[in-house]
Amino acid sequence: MVNISAIVTTHNNESNIEQCIISLQGIADEIIVVGALLSGATKEVCLSHNIRFFEQYFLTSDNRPNKATELTAHQYVIWLNSDECLSPELRKSILEVKANWTHDTYMLKQLNSYCGKTIRYGKWNSGYSVRLWDKSKQNYSPAINQKERLQQSTTVKPLKGSITRSTYGSIAEHLEQSARQADLWAKEAAKQNIQLSILKGLLSYPVQFITSCFLKLGFLDRPYGVILSDITAYESFLKYKKLRMYKKQLAKEKEVKSKPHNVHPAWINHTYADTNTQQKIDKRSEQPHILPISKK
């Protein structure tokens, strides 16, 4: 039987992290929580379960598993986000692997929970990704999320069961977050001068909705599958709309900066000083005007 280190990456998700930790108990011989600026509530949950936690800063979310792996004590690693937990079926599969480890990496299926309902279709069906691996054989990277991109020498096996990820608890929360994400994307895209295709922007909503709702069978998760397809498609359209707005805004700011500042001729012979907070005027303008005296 092998020993497994569990990595839980978080950013103050105390409402879900306890459920994540509980699902790992009995499987992981070590649980490490890693995050940036952990709140007091998150730390309290970790301490109540005798979990080690580290506050670290990562350049990107893709670096998190590898950075956290450096802190682990065991050769075999499983990684979850704090809003994810293992299903009973997946726990059983991992316990079998723990008793008889035969492959370099194992693919785990991820399902999303939206407003309390598990989403199995549409664009939110995440599919399989590598979450359980031998760190002496393979480092985690975005490339190994896809089985076909794994090293040819790496042996891979999918496991039965799933990781369930809690996403949004309400539609209002999703709409608010969707608008925020679209705004952040548009600002960054405008700074990078990403070219805007008006036709692509106009077609983004219908294309995204048809793809998610019908081609990927999102309507089978009704009613939330249809709602998800609608909000996701609208977010795509909103990105292009806001990008167009921010590009116009940046163009106006650039135009204003490029215009020369005209100086009025009346101010040429005037100088200013801060001495005694008085405005000093050129001496030529201070000369008294003497009227000529007429002789009688």
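**Cores and cavities in a predicted model**

Modeller: Let's start inside the protein: Ile119, Tyr121, Gly122, Lys123, Trp124, Ser212, Gly218, Gly225, Leu228, Ser229 and Thr232 line the largest cavity. This is a predicted model, where local features need pLDDT of at least 70 and side-chain atom pairs count only at pLDDT 80 or more, while totals for chains, interfaces and linings use all residues. Residues are numbered from 1 along each chain as its sequence is written, and side-chain values use heavy atoms, leaving out hydrogens and water.

Colleague: What is a cavity, and what does lining mean?

Modeller: On a 1 Å grid over the protein atoms alone, a cavity is a set of points where a 1.4 Å probe fits but cannot get out; lining residues have an atom within 4 Å of a point. Here the largest cavity has a volume of about 60 Å³, volume being the space filled by probe spheres set on the points, which are joined across faces, edges and corners.

Colleague: Which helix gives the largest share of that lining?

Modeller: Helices (H or I, at least four residues) and strands (E, at least two) are DSSP runs, numbered from the N terminus. Helix 7 (residues 224-258) provides four residues, the largest share.

Colleague: How many cavities of 30 Å³ or more are there?

Modeller: Two. The second largest holds about 30 Å³ of space, and its lining is Asn16, Gln19, Cys20, Asp83, Glu84, Cys85 and Ser166. Helix 1 gives the most to this lining, with three residues.

Colleague: And how do I read a nonpolar core?

Modeller: Think of buried Ala, Val, Leu, Ile, Met, Phe, Trp, Tyr and Cys residues joined through side-chain atoms within 4.5 Å. Buried means under 20% relative accessible area (1.4 Å probe, protein chains only). In this model the largest nonpolar core has 28 residues, of which Leu24, Ile31, Ile78, Leu86, Ile94, Leu132 and Leu159 touch the most other members. Helix 1 gives the most to this core, with four residues.

Colleague: What is Leu132 in contact with, beyond its neighbours within four places in sequence?

Modeller: Contact means heavy atoms within 4.5 Å. The partners of Leu132 include Ile4, Val77, Ile78, Ile94 and Trp101, along with Leu159. There is also a second, separate core of 10 residues, with Val77, Val130, Trp133 and Val156 among them.

Colleague: How many helices and strands does the protein chain have?

Modeller: Seven helices and nine strands. Of its 296 residues, 38% count as buried. Among contacts between residues at least 6 apart in sequence, 73% join residues at least 24 apart.

Methods
Buried < 20%, exposed > 50% of the residue type's maximum accessible area, 1.4 Å probe, protein only. 1 Å grid on protein atoms, 1.4 Å probe; cavity = no way out; pocket = protein on both sides within 12 Å on 5 of 7 lines; lining within 4 Å.
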